[in-house]
Amino acid sequence: MEPEAEENGLVDLDGLGLSHGDATRLDVPVALDEVTLGGQEYRPEPSVPTARVDVSRTTSGYALRLRFDVALGGPCFRCLEPASHRIAVDVREVDQPVESVAAEIPGARPGDQGPDDQEPDPGETELESPYVEGGQLRLSAWARDALILALPNQILCREDCRGLCSWCGENLNGADPADHDHGQNLDPRWAKLRDLG
Ligand SMILES: [Zn+2]
Ligand SMILES: [Zn+2]
């Protein structure tokens, strides 16, 4: 959210000098902040991944695609041991102000914006990206939001993490369940394991 980070995370789209139909691909380092999930902090690794940005010039704006891979490192939701979760971000945005479109399409009436049942044509519809302003792409903000939208519900050290014993707080991964019966709720499966031992 720091203004400086925001400034550094800008890509000058108009400065690319693309004509309608032109496209280009940029590899841009983008700084990512820690994200909070379930009250825990998770650190993107690397913290400054190289983002791939595909830029296409449309009739009056830009079609954009952003891709980057990071791993989020932090405590396992269940056992609190270090865990890492890979995320592949792949998102798209289109920014195409309607005024210029109307001006460029013969017969289009700028005032004719009433509701209708017609399926909007993505080539002519007003599409505004919150990440494009004055020909500048706010890449840092877009990358941050895309990462947050791609977060999993929980981050685990492994799929079948057994977490902590609710009685004594010990890590149950690799522990003998029978040792954590604590005389409570004698689970028949554990009793069976104990007989085998
Ligand atoms: Zn775990
Ligand atoms: Zn226990």
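A charge sits over a ring if NZ of Lys or CZ of Arg is within 6 Å of the ring centre and within 35 degrees of the ring normal. Keep that rule at hand for the first exercise.

The model is predicted, so local features need pLDDT of at least 70 and side-chain atom pairs count only at pLDDT 80 or more, while totals for chains, interfaces and linings use all residues. Residues are numbered from 1 along each chain as its sequence is written, chains are lettered from A and ligands numbered from 1 in the order in which they are written, and side-chain values use heavy atoms, with hydrogens and water left out.

**Exercise 1. Strand β6 and its partners**

Task: Find which residue lies over the face of Y62, then work out how β6 pairs with β4, β5 and β7.

Solution:
- Step 1. R57 is placed over the ring face of Y62, 4.7 Å from the ring centre. R57 also stands opposite Y62, a residue of β6. Helices (H or I, at least four residues) and strands (E, at least two) are DSSP runs, numbered from the N terminus.
- Step 2. Two strands pair if DSSP finds at least two bridges between them. β5 (residues 50-57) and β6 pair in the antiparallel sense over six bridges, and the two form a hairpin with four residues between them.
- Step 3. On to β4 (residues 40-45): three bridges join β4 to β6, again in the antiparallel sense. Here P44 stands opposite L72 in β6.
- Step 4. β6 and β7 run antiparallel and are joined by 14 bridges; R65 has R92 in β7 as its bridge partner. This hairpin has six residues between its strands, and L80 in the turn shows a positive phi of about 70 degrees.
- Step 5. Because 10 of the 14 residues of β6 are buried, the strand is largely enclosed by the rest of the structure. Buried means under 20% relative accessible area, exposed over 50%, and partly exposed in between (1.4 Å probe, protein chains only).

**Exercise 2. Two zinc sites**

Task: Which residues coordinate the zinc ion (ligand 1), and which are the protein donors of the zinc ion (ligand 2)?

Solution:
- Step 1. Donors are N, O and S atoms within 2.8 Å of the metal (3.2 Å for Na, K and Ca); water is not among the atoms, so sites may look incomplete.
- Step 2. For ligand 1, the SG atoms of C76, C79, C157 and C161 coordinate the zinc ion at 2.2 to 2.3 Å. Their spacing in sequence is C-x2-C-x77-C-x3-C. C76, in the loop between β6 (62-75) and β7 (82-95), and C161, in the loop between α3 (139-149) and α4 (188-196), link distant parts of the chain, 85 residues apart. Both C76 and C161 are buried.
- Step 3. For ligand 2, look for C165 (SG), C168 (SG), H180 (ND1) and H182 (NE2), at 2.0 to 2.3 Å from the zinc ion. These donors follow the spacing C-x2-C-x11-H-x1-H. C168 is partly exposed at 39% relative accessibility, and H182 is partly exposed at 28%.
- Step 4. Now the geometry: four donors count as tetrahedral if all angles lie between 85 and 135 degrees. The site of ligand 1 is tetrahedral, with angles of 107 to 115 degrees. Around ligand 2 the angles are 98 to 115 degrees, so this arrangement is tetrahedral too.

Note on methods:
Tetrahedral: all angles 85-135°; square planar, octahedral: opposite > 155°, others 65-115°.
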